[in-house]
Amino acid sequence: MGLRNLRVGMAQINPTVGDLGGNAEKIVSYISQAKKQKIDLLTFPELSLPGYPPEDLLLKPSFLKDNLKSLKGVAGAARDIVVIVGFANTDRQGNAYNAAALVYDGKIAGIYHKIHLPNYGVFDEKRYFQAGNECLVFVLKGISLGITICEDIWCPDGPAAVESGEGKAEVILNISASPYHVGKGRLREKVLS
């Protein structure tokens, strides 16, 4: 199968920081719309569930727990469609990760943790998140796809290189919530080329 047989949708939503219920409701609504359009794979922005940037909300264990509960609710809506949604994940030690959930058939099928955390300008991710250390490649309709989050794509030897090399990913998906500025599109194209 070629790439032309894979219908990809990008839900460029504007989540509200801290509004887990409202953001989850918005995500579920977009999933419903995408299913009607026969989309195979729908992506949402980085940290779309808690809103970007959640900052000190991440220091509240109850917020992180509610964020995971909201993700499970979103997963329940993902039937007959693959969804990638940004959320804040935690490990058993209570460390937080900027994460992407691969959701399918009503459940969380995989989780990717952002590896390269920016800490310049408006970004302060090292204060709140641990860096991930594993890549995630999955197959959909015979096509290998790798998942990255924002800054991960800008590192020449980063996760995208590993996913496309060792992981044999044919397509790299990058969810991002990076602030816009004039000329950013051209800059991104130049970096990626």
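Two strands are taken to pair if DSSP finds at least two bridges between them. The legends below use the term in this sense and refer to a predicted model.

**View A. The open sheet formed by β6, β7 and β8 in the predicted model.** The three strands follow the order β6-β7-β8, and their pairing is mixed. β6 and β8 are the edge strands; each has a single partner, so one side of each is left without a neighbour in the sheet. From one strand to the next, the twist averages 35 degrees. The mixed character can be followed bridge by bridge: β6 (residues 137-140) runs antiparallel to β7 and is joined to it by four bridges, whereas β7 and β8 (residues 171-175) run parallel and are joined by five.

**View B. Strand β7 and the burial of its residues.** β7 spans residues 143-149, and seven of its seven residues are buried, so that the strand is mostly covered. In a regular strand the side chains alternate between the two faces of the sheet. In β7, Ile-143, Leu-145, Ile-147 and Ile-149 point one way. Ser-144, Gly-146 and Thr-148 point the other way, and the residues of both sets are buried.

**View C. The hairpin of β6 and β7.** Two residues lie between the strands of this hairpin. Across the antiparallel pair, Leu-140 has Ile-143 of β7 as its bridge partner, and Phe-138 stands opposite Leu-145. Lys-141 belongs to the loop between β6 and β7 and has a phi near 55 degrees, a positive value in a residue other than glycine. Most residues other than glycine have a negative phi, and most peptide bonds are trans. With a relative accessible area of 35%, Lys-141 is partly exposed; the bounds for that class are 20% and 50%.

**View D. The parallel pair β7 and β8 and the crossover that links them.** Five bridges hold the register of this pair. Gly-146 stands opposite Ile-172 in β8, and Ile-147 opposite Leu-173. The chain passes from β7 to β8 through helix α4 (residues 159-165), and the resulting β-α-β crossover is right-handed. Val-171, also in β8, is partly exposed at 21% relative accessibility, which places this residue just outside the buried class, since buried means under 20%. The C-alpha atoms of Val-171 and Gly-146 are 6.3 Å apart, although 25 residues separate the two in sequence.

**View E. The surroundings of the buried residue Glu-46.** Glu-46 is found in the loop between β2 and α2 (61-77). The relative accessible area of Glu-46 is 1%, and the residue therefore counts as buried. A polar contact of 2.8 Å joins the side chain of Glu-46 to that of Lys-114. Beyond its neighbours within four places in sequence, Glu-46 is in contact with residues including Tyr-52, Gly-86, Asn-98 and Glu-125. Further contacts of Glu-46 include Ile-149 and Cys-150, together with Ile-175, Ser-176, Ala-177 and Ser-178. Of these, Ile-149 is a buried residue of β7.

**View F. Backbone features at Pro-53 and Cys-150.** The peptide bond joining Tyr-52 and Pro-53 is cis, with omega at about -5 degrees. Pro-53 lies in the loop between β2 and α2, and Glu-46 is found in that loop as well. Cys-150 has a phi near 35 degrees, again a positive value in a residue other than glycine. The place of Cys-150 is in the loop between β7 and α4; at 5% relative accessibility, this residue counts as buried. Both Tyr-52 and Cys-150 are among the contacts of Glu-46.

**View G. Confidence across the prediction.** The average pLDDT of the protein is 91, and 93% of the residues score at least 70. Among the elements, strand β2 (residues 41-43) has the highest mean pLDDT, 98. Helix α5 (residues 184-192) has the lowest, 72. Where pLDDT is low, the predicted coordinates should not be read in detail.

Technical notes: Residues are numbered from 1 along each chain as its sequence is written. This is a predicted model: local features need pLDDT of at least 70, side-chain atom pairs count only at pLDDT 80 or more; totals for chains, interfaces and linings use all residues. Side-chain values use heavy atoms; hydrogens and water are left out. Buried means under 20% relative accessible area, exposed over 50%, partly exposed in between (1.4 Å probe, protein chains only). A crossover is right-handed if, with the strands pointing away from the viewer, the path from the first strand over the helix to the second runs clockwise. pLDDT is the predictor's confidence in each residue, from 0 to 100. Axes are lines fitted to C-alpha atoms, for helices over the stretch in contact, and angles run from 0 to 180 degrees between N-to-C directions. A polar contact is a pair of N or O atoms within 3.5 Å; within protein, one must be able to donate a hydrogen and the other to accept it, and residues adjacent in sequence count only if both atoms are side-chain atoms. Contact means heavy atoms within 4.5 Å.
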